[in-house]
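Hi everyone, thanks for coming. Today I'd like to walk you through one protein structure, step by step. Please have a look at it while I talk.

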Amino acid sequence: MKKAHSTQQDISMHYLNLLSQSFPTIAAASTEIINLEAILNLPKGTEHFLADIHGESEAFQHILKNASGNIKRKVNDLFGNSIRETEIKEMCSLIYYPEQKLELIKASEKDIVDWYHITIHQLVKVCRDVSSKYTRSKVRKSLPADFAYIIEELLHERIDDTNKTAYVNVIVDTIISTGRADDFIVALARVIQRLAIDQLHILGDIYDRGPGAHIIMDEMMKYHSWDIQWGNHDILWMGACAGNDACICNVLRLSLRYANLATLEDGYGINLVPLATFAMETYKNDDCLEFMPKLLKDTDMDEKNKYLIAQMHKAISVIQFKKEAETFKRRKEWEMDDRCLLECIDYQKGICRIQGKEYDMRSCHFPTINPTNPNKLTAEEETLMQKLHHSFAVSEKLHKHIRALLSHGCMYAIYNSNLLYHASIPLNDDGSLKEVELYKGERYSGRALMQQIGQTIRAAFESDTEKEERKFAIDYFLYLWCGKDSPLFDKSKMATFERYFLSDKDTFKEEKGNYYKLRDDETVCDRILDAFGVKGENRHIINGHVPVHASSGENPIKANGKLMVIDGGFSEAYHKETGIAGYTLVYHSRGFQLVQHEPFTSARDAIEKCTDIKSTTQIVEMSAHRMLVADTDMGEELRAQIVDLKELLYAYRHGIIKEK
C-alpha cells in the first residue's frame with residue numbers, strides 16, 4: 001500500500017510540475033482560477049443537431065447560415081417592435097448571404113452611405129447579442145484578423161453611452177469613408193453565423209441521393225466545431241475509399257439510381273467512362289426498364305442520357321451482386337449466404353426460388369452471367385472493376401474527406417447527457433442488449449459493440465494493422481451496410497435484388513430489428529442509456545436514419561421524451577414520403593427546440609426574394625432555470641481543472657514547487 005501511495009504522489013508531483021510550465025507563478029494560477037470560475041457562470045452554448053442530409057448541400061448550407069431559424073428569432077427579439085417585417089427579412093438575408101445581397105442592395109439603394117450607417121449599427125447589435133454568452137477571449141478568436149480590433153471595440157462600446165457616442169460614430173464613418181463597409185458587413189455577418197452555434201452535431205448520412213455531398217464536406221472542413229456519428233451511407237463511402245469493391249459498386253449504383261453523378265465526377269474525379277463504355281456494349285439489346293433513374297423534380301435529362309444511365313445502373317448492379325456474394329461466402333460467420341440470389345435464378349424459366357417458393361422475374365436478361373457459376377465476374381467485368389477500384393484509390397479529395405470523417409467521427413457520442421448515434425443499438429426480443437459477433441468470434445453488445453466497430457473501421461485505414469485483421473475490417477464495411485445485426489442497418493435483409501427483379505412486392509419487405517419495435521418503450525431507452533453510462537435527470541437518445549412520417553401523424557418524440565428522431569426527410573427524394581423536409585434540433589441554455597422544416601427553394605430565392613426555409617418550432621423540453629456552462633460536460637472538466645490549479649497554488653505557497 002505504501003508503494004502504491006508513493007507512486008500516486010510521484011504522478012501527482014509530475015503532473016503539477018507540468019502544470020507549472022503553463023502557470024509559472026501564483027498570480028498566473030490565480031488568474032486562471034478566476035477565469036474558469038467566471039466561465040462556469042456563463043450561459044450554456046447552443047448545440048445544433050442535424051441528421052440524414054443526403055447530399056442536399058444548398059438546404060444544408062442555408063440551415064447552417066440561419067442556425068435553424070435561431071438567427072431570425074434573435075433579430076425578431078431585437079428589432080421586432082422597431083422595424084417592419086420586410087426589413088427583418090432583408091437583414092436576415094444579408095446575414096445569411098452577405099456578398100450576394102450587398103450586390104443587389106448597392107444596385108437599388110439611392111443613399112448607400114445612410115444605408116451603411118444604419119445597417120452596420122444593426123449588425124453590431126445582433127453580433128453583440130449572439131456573442132453575449134461567450135468570454136471575450138472566445139469571441140476574439142472568432143473574429144477575422146482584418147477587423148478584430150474594430151469589431152471588439154464596437155461590441156463593447158454603446159452608442160447610448162454619451163461619453164462614447166462620437167467615438168463609435170467616427171469608427172463607423174471611417175469604415176465607410178475608407179471603402180471598407182462591404183468587407184466589414186461581410187465580416188460581421190460571418191461572425192454572427194459563427195457565434196450563433198457553439199457546436200454542430202451531425203447524426204450521420206452526409207452522402208448519397210442529393211448532388212452535393214462533396215460540397216457539404218468542404219463546408220465541414222471549414223466549420224469551427226463539429227462532430228459526426230457515422231451513418232450507413234457514410235460507411236458505404238468510407239468502405240469504397242478503403243478499397244471494398246462491393247461498397248464501390250453500391251456507391252455507384254445509388255448515384256446512378258438518382259442520376260446523381262456530380263459528387264462522383266465533379267467532386268471526386270471518379271472516371272465513369274469505362275463503366276459507360278462497358279454498359280453500352282454489354283446491355284445494348286436491353287431496355288433496362290427496372291434501372292431507369294429516379295429523377296428529382298428539377299432534373300432535366302433527355303431520353304438518350306436516361307437510357308445510358310439505366311444501362312450503367314444495371315451493369316454495376318449485376319457486378320455488385322457478384323462481389324457481395326464473393327464476400328458473403330468468404331465470411332461464413334455473417335450467415336448471409338441466403339443473399340447470394342444470382343444462384344437462385346432459373347435462367348431458362350425466368351423464375352427465382354427463395355426459401356422454397358418460386359417468384360417470376362421481371363426480366364431475365366443477364367449477358368454476363370454464366371448460370372453454372374453465376375457469381376463469377378467475366379474478364380471484362382474484372383477489368384472494369386480494376387479501373388473503378390483504381391479511380392477511388394487515387395481520388396485525393398475523397399481520401400481527404402474520409403480522413404475528416406474519421407478525425408471528427410465515431411459510431412456514437414455522449415454530449416451533455418445526450419446519447420447520439422445514427423440508427424440503432426441491436427436488441428434481443430425482450431429488449432435486452434444483443435451480443436453481436438465481430439472479428440475472430442469475439443462478441444460485444446451496447447457501448448462495447450459500438451467502440452469495437454469504431455476500432456474496426458479505423459483499422460481498415462491503418463497501414464500497420466495486421467494483414468488478416470485489415471482484410472476483415474475492409475470486408476466489414478459491407479456487413480455494416482446490409483448485415484442484419486449491424487447497428488447501422490438492423491433489418492432482416494436489404495431487398496435490393498428483389499426490388500429490381502421480382503414482381504411479387506411481398507418479397508420487398510425488410511423486417512425491422514427489435515430496436516425499431518421497442519424504441520417507444522421508455523424502459524428500453526433507459527436500459528440503453530444505462531449501458532452507455534449516460535447520467536443526468538434529463539437524459540436523451542437522439543438519432544436519425546428512419547424518416548419520420550410527419551404527414552401521417554408520426555411523432556418524432558418517443559418513449560415519453562427519452563428518444564428524439566430527427567430524420568424528417570432532408571433529401572428531396574423523401575419529401576413526398578414524409579411530407580416535410582427534415583427536422584433539426586437546437587439545444588440552448590433554455591432547453592430543447594425541435595424545428596420542422598418545409599422544403600427549401602433555392603439560395604437565389606433567399607437572396608433575391610428574402611425567402612427563408614419555412615420552419616415550425618416545437619418546444620420539446622424547457623429547463624426550470626437557465627443552464628450554465630457549470631451544468632455541462634465542459635463545466636465538469638473546468639471544475640476538475642480548478643481543483644488541479646488549487647493544488648498547484650498550495651504547492652507554490654508551501655514551497656513544494658518554486659515559482660518561475
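I'll start with the whole protein and then move on to two sheets, some aromatic rings and one histidine.

One thing to keep in mind: this is a predicted model.

Let's begin with the overall picture. How many helices and strands are there in the protein? The count is 27 helices and 17 strands. The radius of gyration is 28 Å, close to the 26 Å that the globule rule gives for 660 residues, so the protein is as compact as a globular protein of that length. If you draw a box along the principal axes, the C-alpha atoms fill roughly 95 × 85 × 45 Å.

What about inside and outside? Buried residues make up 55% of the 660 residues. The accessible surface comes to about 30000 Å², and 48% of that belongs to carbon and sulfur atoms. Now think about contacts between residues with a separation of 6 or more: 71% of them join residues that are 24 or more positions apart.

Now to the sheet I'd like you to find on your screens. In which order do its five strands lie? The order is 8-9-12-14-13, in an open sheet with mixed pairing. Strand 8, residues 412–415, and strand 13, residues 557–558, stand at the edges with a single partner strand each, so one side of each is left without a neighbour in the sheet. As a reminder, strands of a sheet pair through backbone hydrogen bonds, either parallel or antiparallel.

Let's zoom in on strand 12, residues 540–543. On one side, strand 12 pairs with strand 9, residues 418–421, in the parallel sense over three bridges. You can follow this pairing residue by residue: Asn 418 stands opposite His 540, and Leu 419 stands opposite Ile 541. Strand 12 also pairs with strand 14, again in the parallel sense and over three bridges. Here Ile 541 stands opposite Leu 563. So Ile 541 faces Leu 419 in strand 9 and Leu 563 in strand 14.

Which way do the side chains of strand 12 point? In a regular strand the side chains alternate between the two faces of the sheet. Here, His 540 and Ile 542 point one way, while Ile 541 and Asn 543 point the other way. All four are buried. There is a helix here too: helix 24, residues 522–531, lies across strand 9, strand 12 and strand 14, and runs at about 90° to strand 12.

The second sheet has three strands. Strands 4, 5 and 6 form an open sheet in the order 4-5-6, with antiparallel pairing. Its edge strands are strand 4 and strand 6, each pairing on one side only. Strand 4 and strand 5 are joined by two bridges, and Asp 346 stands opposite Ile 351 in strand 5.

Next, the aromatic rings. How many aromatic pairs does a search of the whole structure find? It finds 22. Take Trp 334 and Tyr 479: their ring centres are 5.3 Å apart and their planes are at 50°, so this pair is tilted. Trp 334 lies in the loop between helix 17 and strand 4, and Tyr 479 lies in helix 21, so the pair ties together parts that are 145 residues apart in sequence. Are these two buried or exposed? Trp 334 is buried, at 8% relative accessible area, and Tyr 479 is buried too, at 6%.

Another pair is Tyr 347 with Phe 366, which is edge-to-face, with 5.9 Å centre to centre and 85° between the planes. Tyr 347 sits in the loop between strand 4 and strand 5, and Phe 366 in the loop between strand 6 and helix 18, so this pair ties together parts 19 residues apart in sequence. Phe 366 counts as buried, at 8% relative accessibility. Both residues belong to one aromatic cluster, together with Phe 291, Phe 321, Phe 497, Tyr 500 and Phe 501.

Last stop: His 117, in helix 7, residues 112–131. His 117 counts as partly exposed, at 22% relative accessibility. Which residues does His 117 touch, not counting those up to four places away in sequence? They are Val 172, Asp 173 and Ile 176. The C-alpha atoms of His 117 and Asn 169 are separated by 8.8 Å, and these residues are 52 apart along the chain.

That's the tour. Thanks for listening!

Note on methods. Residues numbered from 1 in each chain as written. Predicted model: local features only at pLDDT ≥ 70, side-chain atom pairs only at ≥ 80, totals over all residues. Heavy atoms only, no water. Pairing = 2+ DSSP bridges. Contact = heavy atoms within 4.5 Å. Axes fitted to C-alpha atoms, helices over the stretch in contact; angles between N-to-C directions. Buried < 20%, exposed > 50% of the residue type's maximum accessible area, 1.4 Å probe, protein only. Rg over C-alpha atoms; globule rule 2.2 N^0.38 Å. Areas by Shrake-Rupley, 256 points an atom, 1.4 Å probe, with all protein chains shown as cover. Phe/Tyr/Trp six-rings, centres within 6.5 Å; stacked < 30°, edge-to-face > 60°.
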